[in-house]
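Reader: Please put the model on view, and then let us go through the ligand's surroundings and a few residues in turn.

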Amino acid sequence: VDQSVLDDMEKFEETFKGITKRFRLINRIGEGTFSTVYKAEDLLYDHYVNEWDLEEKEDQKWFSPPVKRRRTDDAGYSVANERARRRRGPRYVAIKKIYVTSSPMRIQNELELLHDLRGCESVCPLITAFRHQDQVVAVLPYFRHVDFREYFRDFTVPDMRVYFRSLFAALAAVHEHEILHRDIKPTNFLYDIYRERGVLVDFGLAEREGTDWAPCICQDHPQERRERIASSVAAQQGAATGYPKNDQRNSRRANRAGTRGFRAPEVLLKCPSQTTKIDIWSAGVILLTILARRFPFFHSADDIDAMIEIATIFGAKRMRACALLHGTVFEANIPTIGERGFSFEKIILWSTSRSGKREDGREETLSADEQQAVRFLQRCMELDPEKRISAEEALRHEFLAGAGE
Ligand code: ADP
Ligand code: MG
């Protein structure tokens with residue numbers, strides 16, 4: 001372990017009173033925008049496993065080794081052992097030190113949502129949380145995983161099925177609880193390629209569905225929406241050239257939290273009433289990344305750039321329809337944005353250097369397996385969130401159904 005990391009861990013142990021009584025820090029495993037994460041050993045772990053029956057001391061479980069008489073079966077094996085094994089916490093944990101600059105509301109939100117999601121498939125459970133002065137730490141079971149950059153290029157389509165089955169199982173559980181994760185991306189889905197299992201982490205930006213900032217016309221009945229769009233000023237005059245002077249309209253405000261390159265079009269268009277479908281789009285971006293073997297796939301510096309990148313693929317025609325859906329106008333005079341855009345198949349062939357002609361003079365195509373993956377991708381990266389596949393439906397899609405068994 002690097003000296004600077006050792007210094008950092010020592011400083012944390014000094015400032016967070018009492019933590020060394022319970023945990024031995026092993027390494028620093030993550031440094032994000034909102035937190036530092038350490039791998040640690042739970043020093044009370046042995047007590048549960050070897051000596052004690054926890055039944056009656058449930059409430060003290062985390063701080064002191066509970067005292068109870070030891071029982072053994074005929075083989076001299078501790079009966080309590082078996083029960084404790086099932087009840088004990090994990091030996092290795094991830095301690096997430098949430099930066100003190102995060103607002104208390106935000107920290108509470110993260111812990112509360114994790115608590116609501118306990119027991120959900122493929123969601124990393126919260127073991128406990130502590131506070132010392134203004135510092136809050138969350139304790140999660142340590143989940144062994146491999147850095148996405150190290151494996152995504154080698155993924156076969158069957159590997160993708162298993163990966164996405166796990167990710168969509170997590171999304172289905174989160175969405176069933178009416179929670180939007182808001183930050184689906186490879187670093188927040190810890191995947192173990194050897195066990196072929198993944199867990200979703202980082203609910204720092206998550207929110208409950210329905211915490212809308214304002215109503216959006218995309219939620220209107222389609223007929224009503226068509227009428228409103230048809231009668232709008234923009235539809236009658238066409239898009240304005242230049243910016244209106246002394247614009248009296250309220251500026252559009254919406255939650256835009258998330259990571260550049262993974263934001264759904266409705267987030268970029270500042271739709272104020274976003275749904276769980278924004279997570280599906282982000283999961284689609286991960287699939288596109290793997291199929292195209294490029295990470296990051298989108299390189300946008302800001303939301304406008306991100307719109308340009310999406311528009312290059314989808315084409316101006318579909319972007320205009322998408323913008324209208326949320327009561328805004330899409331207008332672009334950038335030469336790379338064509339009217340019709342490109343198919344995902346073309347993009348994947350290009351980015352994997354298969355765009356030339358084959359020996360027999362015919363165009364290269366994707367394998368049947370890849371084509372199936374692309375059909376699934378199209379359902380995830382549907383511009384209209386209403387039409388986009390849900391996590392529940394995704395699990396039944398031909399691409400995922402039956403995989404990983
Ligand atoms: P942030 O809000 O700072 O992004 P995360 O919860 O995403 O915090 O954690 C940051 C990183 O720490 C993750 O990308 C991952 O590498 C590591 N990490 C987080 N939780 C765990 C865990 N339970 N097991 C192993 N590593 C973890
Ligand atoms: Mg994260």
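Author: A residue counts as near a molecule or strand if its C-beta atom, placed from the backbone, lies within 6 Å of it. This is a predicted model, in which local features need pLDDT (the predictor's confidence in each residue, from 0 to 100) of at least 70, side-chain atom pairs count only at pLDDT 80 or more, and totals for chains, interfaces and linings use all residues. Residues are numbered from 1 along each chain as its sequence is written, and chains are lettered from A and ligands numbered from 1 in the order in which they are written.

Reader: Which residues come nearest to ligand 1?

Author: The surroundings of ligand 1 comprise 20 residues. Those that come nearest are Gly30, Gly32, Val37, Ala94 and Asp202.

Reader: Is Ala94 buried or exposed?

Author: A residue is buried if 20 or more other C-beta atoms lie within 10 Å of its own, exposed if 12 or fewer, and partly exposed in between, with C-beta atoms placed from the backbone. Because Ala94 has 21 C-beta neighbours inside 10 Å, Ala94 counts as buried.

Reader: Is Asn333 buried or exposed?

Author: Asn333 is found in the loop between α13 (316-325) and α14 (344-351), where helices (H or I, at least four residues) and strands (E, at least two) are DSSP runs numbered from the N terminus. Since Asn333 has 6 C-beta neighbours inside 10 Å, Asn333 counts as exposed.

Reader: What is the mean pLDDT of the chain?

Author: Of the residues in the chain, 85% reach 70 or more. The mean pLDDT of the chain is 87.
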